[in-house]
Amino acid sequence: MSAEGASLYSRKNPFRATLTVNRRLTLSGSEKETRHFEISLGDSGLQYEVGDSLGVFPENDPALVGRILDTLGYSGGEIVSNPAGAQVPIREALLKDFVITEPSKQLLAAVAEKDSSAEFLKDLLDPSVKTTLDDYLWGRDVLDPLLEFTAARFTPEEFVPLLRKLQPRLYSIASSQKVVGGQVHLTIAIVRYTSYDRPRTGVASSFLAERAEGEGRVPVFTHTAKNFRVPEDPATDMIMVGPGTGIAPFRAMLQERQVTGATGRNWLFFGEQRSASDFFYRDEFEKYQADGVLSKFDTAFSRDQAFKIYVQHRVLEHAAELYDWFENGACFFICGDAARMAKDVDAALHEVVQKAGGKTPEQAVEYIDALKKAKRYRKDVY
Ligand SMILES: Cc1cc2nc3c(=O)[nH]c(=O)nc-3n(C[C@H](O)[C@H](O)[C@H](O)COP(=O)(O)OP(=O)(O)OC[C@H]3O[C@@H](n4cnc5c(N)ncnc54)[C@H](O)[C@@H]3O)c2cc1C
Ligand SMILES: NC(=O)c1ccc[n+]([C@@H]2O[C@H](COP(=O)([O-])OP(=O)(O)OC[C@H]3O[C@@H](n4cnc5c(N)ncnc54)[C@H](OP(=O)(O)O)[C@@H]3O)[C@@H](O)[C@H]2O)c1
């Protein structure tokens, strides 16, 4: 049965949950803002398993909504159709229903039609021309072309259909329901950057960090990840690699392994920039070590020294022992950045198998493929 099955609530009918804890994990001196959130699922009946994610429907930044309304000369009360077909004031539609942090192709095409100095946008939008639209879009939101091309003005009814529907964001769940009951914990890096001299924020991460306080303010649903579960046999060893926010599901899995009395050993690799400011959940992991739940714990703080140390370097340092764990039936888990980290860790694993298992590169590929087929190599990367 899916996690959603026990509840009335789903992606189509999200539960209006309440944020109860919003705590900064990164300390002074950190270059990041990563936060721990706790959300109450109240009487929703929503259930999840460790490894699942929580879907969050965010609201846009009201200051950005206000600037778009001002630039287009709207009061905010003009009535428009939202994607569900309901008639709502445009301010509410821009807050809750539409993407305003990235211009859609339709908006750029309409801007190019209305303002002759934006003609070049037509070239960017032509799929047969090799100009990269992505370069233009990088760091620009819906307000940017409206500020730049002052002849591009629309009625509210013209404007809203030029925007895409705002989508929910997924977050790996950082708690076990067997431990926290009707709560769900998340570990989230808040997206903040400055572009074209304007500070900008990620929609969902800043919504949770800044605008989600108050009863029932966070529409959520659970998203099942059947392939990212703790091993079915509690005696199976687990190796977990989770740098940055990739740590989230492993906090959940350690809670679960402790509360269920699982006898398999647990080995965690965590990495972040600096040990003094970015060592999330340090006390909890040290307690798991003291309690014997965490058999091995290796950290890689990339900026504590002049050269980079990443989790894959720690993996390589422990090649012989890791290979022993694999030979003993261990399950391997990885979570976090898909673009670079997961690929580099995968390459390191192949090296481990070659080095410690005395295998050729081809045999190492077969060995890792066999782990994947046996569901002993599980990924949750984004
Ligand atoms: C299964 C799954 C699990 C996940 N789990 C977690 C988790 O546990 N914790 C977590 O923090 N995230 C997690 N994520 C990522 C999360 O879903 C969001 O993508 C993330 O929080 C950003 O969303 P946002 O709405 O805050 O930012 P958005 O509004 O989506 O903005 C992000 C975008 O901003 C732009 N951008 C960012 N930086 C810059 C810059 N410097 N210059 C110009 N443009 C920039 C990029 O276009 C980027 O794509 C997970 C994703 C998936 C799919
Ligand atoms: N698309 C991208 O280019 C990209 C890159 C990173 C993160 N992200 C996204 O940004 C969000 C937040 O990231 P996060 O805060 O969870 O942490 P993160 O940026 O992934 O950083 C966590 C740790 O991983 C290190 N790291 C960087 N590159 C690595 C690599 N190739 N292999 C192993 N470790 C590496 C970082 O070191 P240093 O910072 O010192 O290099 C840091 O110590 C996530 O959504 C993630 O997917 C995207």
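Which helices and strands each supply at least two residues of the shell around ligand 2? In this predicted model, local features require pLDDT of at least 70 and side-chain atom pairs count only at pLDDT 80 or more, whereas totals for chains, interfaces and linings use all residues. Residues are numbered from 1 along each chain as its sequence is written, and chains are lettered from A and ligands numbered from 1 in the order in which they are written.

The elements concerned are β12 (266-272), α13 (311-317) and α15 (341-357), where helices (H or I, at least four residues) and strands (E, at least two) are DSSP runs numbered from the N terminus. Ligand 2 is surrounded by 23 residues, of which Gly-244, Thr-245, Ser-302, Tyr-310 and Arg-340 come nearest; a residue is near a molecule if its C-beta atom, placed from the backbone, lies within 6 Å of it. Domain 1 (3-58 + 168-223) and domain 3 (238-381) each contribute at least three residues to this shell, the bounds being taken from an automatic or database domain assignment.

Around ligand 1 there are 22 residues, with Tyr-193, Gly-202, Ala-204, Ser-205 and Tyr-382 nearest. The largest share of that shell, 4 residues, is provided by β6.

An open sheet of 5 strands has the order β13-β12-β11-β14-β15 with parallel pairing, two strands being paired if DSSP finds at least two bridges between them. Its edge strands, β13 (296-301) and β15 (377-381), each pair on one side only. Strand β11 (residues 238-241) is joined to the parallel strand β14 (residues 331-336) by 4 bridges, and Met-238 has Cys-331 as its bridge partner in β14.
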